[in-house]
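Me: I am new to this structure and would like to understand the reasoning behind what is said of it. Could you take me through it step by step?

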2 protein chains.
Amino acid sequence: MAKSFEFWFDLGSPAAYLAWKRLPKFLAQTGAGVEHKPMLLGGVFKATGNASPVTIPAKGKWLLDDLARTARKDGVPLAYGPGFPVNTLPLMRGAIGLQMRKPERFAPYVDAMFDAMFGQPKDMRDEKTLGGVLAAAGFAPAELMALAADPEVKQALIKATEEAVARGVFGAPTFFVGSEMFWGQDRMDAVAESLAAGAA
Amino acid sequence: MAKSFEFWFDLGSPAAYLAWKRLPKFLAQTGAGVEHKPMLLGGVFKATGNASPVTIPAKGKWLLDDLARTARKDGVPLAYGPGFPVNTLPLMRGAIGLQMRKPERFAPYVDAMFDAMFGQPKDMRDEKTLGGVLAAAGFAPAELMALAADPEVKQALIKATEEAVARGVFGAPTFFVGSEMFWGQDRMDAVAESLAAGAA
């Protein structure tokens, strides 16, 4: 039986970024397959009554310290661009749109977007800056913008976000192994254990 | 140099209960000393704008699943009594009062209270039930209640809670290694790493 898990994410989540950076090693170590699941975290927050932890100043401060500790340990750069947390609606439409229409370009897009959000952060709210990031990663900005404006793509992101909420998601990243849910990059060990138990 | 850390807790927190149960092994493995720090989590929530995660239903559901997974892994019973989350004001006054007046009875009290909250949970809101739990653990209920009503004890809990908030605490359990803060029973590995780094 092939083992696989779902990785639900939003490009605006630094915890999802850290998880994304860990995925290649994780996949190699577990031998598992991953199903990428873009969702709009802002929509999840709205539907569940949850909110970004940075809305509680003491919690936000600690969380950023904790993510920095994890990033150092993982050897991954982590920084924040202007306006964090950023509205990721156009970015996530681009992600799900590529997954639908040009799946081979999905991972390069997510790589480029996460790096521009948290690796060497830029002002991703600025259309020209975003265009430059896209172009540098080999995407035609106008094409991506048209994709993000496509009603089918918009609808797909709404549906995906609704599915996430219906299945109990309230934050990012969220992993599913079958129906078992794990929230947070700090639960990847538990995901690995669940995959191993399921494969046994 | 002696290594030590602070353990801030409230008897109403199931995550603090799991951490408490792990402490003996943790102390043996790290060789560190622990300073127990009772606080009123409800007061911390009020001051920081934070709230129990169970106030977000999807998050509460996942958290209870996650704590159950940890409890199974640790081989510790975990269940919830009526009225969870319970107002722990009298229980925490008892904890800090014993720490001030009969420190040798502090750990047995915390043991008995945590067990009655989450090990074999009882309705700890009921004075008679609470009295029975205290008596079974060798405490005179009337003496404990007088202690919890002592103005100096009440003031000490207020001061401790204010100190927690001033130092950045927003939840329980919280650990400090010097000024470095760690939130959650799931950060005890990071606490151990920090202790080891500090001792090197």
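Me: Let's start with one spot: in which loop of chain B does Pro85(B) lie?

Reply: Happy to help! This is a predicted model, and in it Pro85(B) sits in the loop between α3 (57–74) and α4 (89–101) of chain B. The peptide bond leading from Phe84(B) to Pro85(B) is cis, with omega near -5°.

Me: Where is Pro173(B), and what kind of peptide bond joins Ala172(B) to it?

Reply: Pro173(B) is found in the loop between α8 (151–166) and β3 (174–177) of chain B. The bond joining Ala172(B) and Pro173(B) is cis, and omega is about -5°.

Me: How do you know how confident the predictor is about chain A?

Reply: On a confidence scale from 0 to 100, chain A averages a pLDDT of 96. Of the residues, 98% score at least 70. For the model, ipTM is 0.92 and pTM is 0.94.

Me: What makes Asp66(A) and Arg187(B) a salt bridge?

Reply: The rule asks for a side-chain nitrogen of Lys or Arg within 4 Å of a carboxyl oxygen of Asp or Glu. In this pair the closest N and O atoms are 2.7 Å apart, so by that cut-off Asp66(A) and Arg187(B) form a salt bridge.

Me: Why do Lys73(A) and Glu193(B) count too?

Reply: Their side chains meet with N to O at 2.8 Å. The cut-off is 4 Å, so this pair is a salt bridge as well. The pair crosses between chains, with Lys73(A) in helix α3 of chain A and Glu193(B) in helix α9 (residues 188–199) of chain B.

Me: How many salt bridges are there across the interface of chain A and chain B, and how many over all chains?

Reply: The rule finds 8 across the interface, and a search of the whole structure gives 34 over all chains. The interface also has 10 residue pairs in polar contact. On the side of chain A that touches chain B, α3 (57–74) and β4 (180–183) each supply at least two residues. Helix α3(A) gives the most, with 7 residues. By class, that side has 8 nonpolar, 4 polar and 8 charged residues.

Me: What makes up the contact, and how much area is buried between chain A and chain B?

Reply: Chain A brings 20 residues and chain B brings 20 residues. About 1900 Å² is buried between them, and carbon and sulfur atoms give 54% of it. In chain A, Lys59(A), Trp62(A) and Arg187(A) lose the most area to chain B, together 31% of what that side buries.

Me: How do you know which kind of rotation axis relates the two copies?

Reply: Chain A superposes on chain B by a rotation of 180° with 0.0 Å of shift along the axis, at an RMSD of 0.0 Å. The two copies are therefore related as by a two-fold rotation axis. Among the residues of chain A, Asp186(A) comes closest to that axis, with its C-alpha at 4.3 Å.

Me: And why is it said that the copies meet through the same surface?

Reply: Of the interface residues of chain A, 100% are also interface residues in chain B, so the copies do meet through the same surface.

Methods:
Residues are numbered from 1 along each chain as its sequence is written. Chains are lettered from A and ligands numbered from 1 in the order in which they are written. This is a predicted model: local features need pLDDT of at least 70, side-chain atom pairs count only at pLDDT 80 or more; totals for chains, interfaces and linings use all residues. Side-chain values use heavy atoms; hydrogens and water are left out. Contact means heavy atoms within 4.5 Å. Buried area is the accessible area (1.4 Å probe) that two parts lose on being put together, summed over both. A polar contact is a pair of N or O atoms within 3.5 Å; within protein, one must be able to donate a hydrogen and the other to accept it, and residues adjacent in sequence count only if both atoms are side-chain atoms. Helices (H or I, at least four residues) and strands (E, at least two) are DSSP runs, numbered from the N terminus. Ala, Val, Leu, Ile, Met, Phe, Trp, Tyr, Cys and Pro count as nonpolar, Asp, Glu, Lys and Arg as charged, and the others, Gly among them, as polar. Copies are superposed by least squares on the C-alpha atoms of residues with pLDDT of at least 70 in both.
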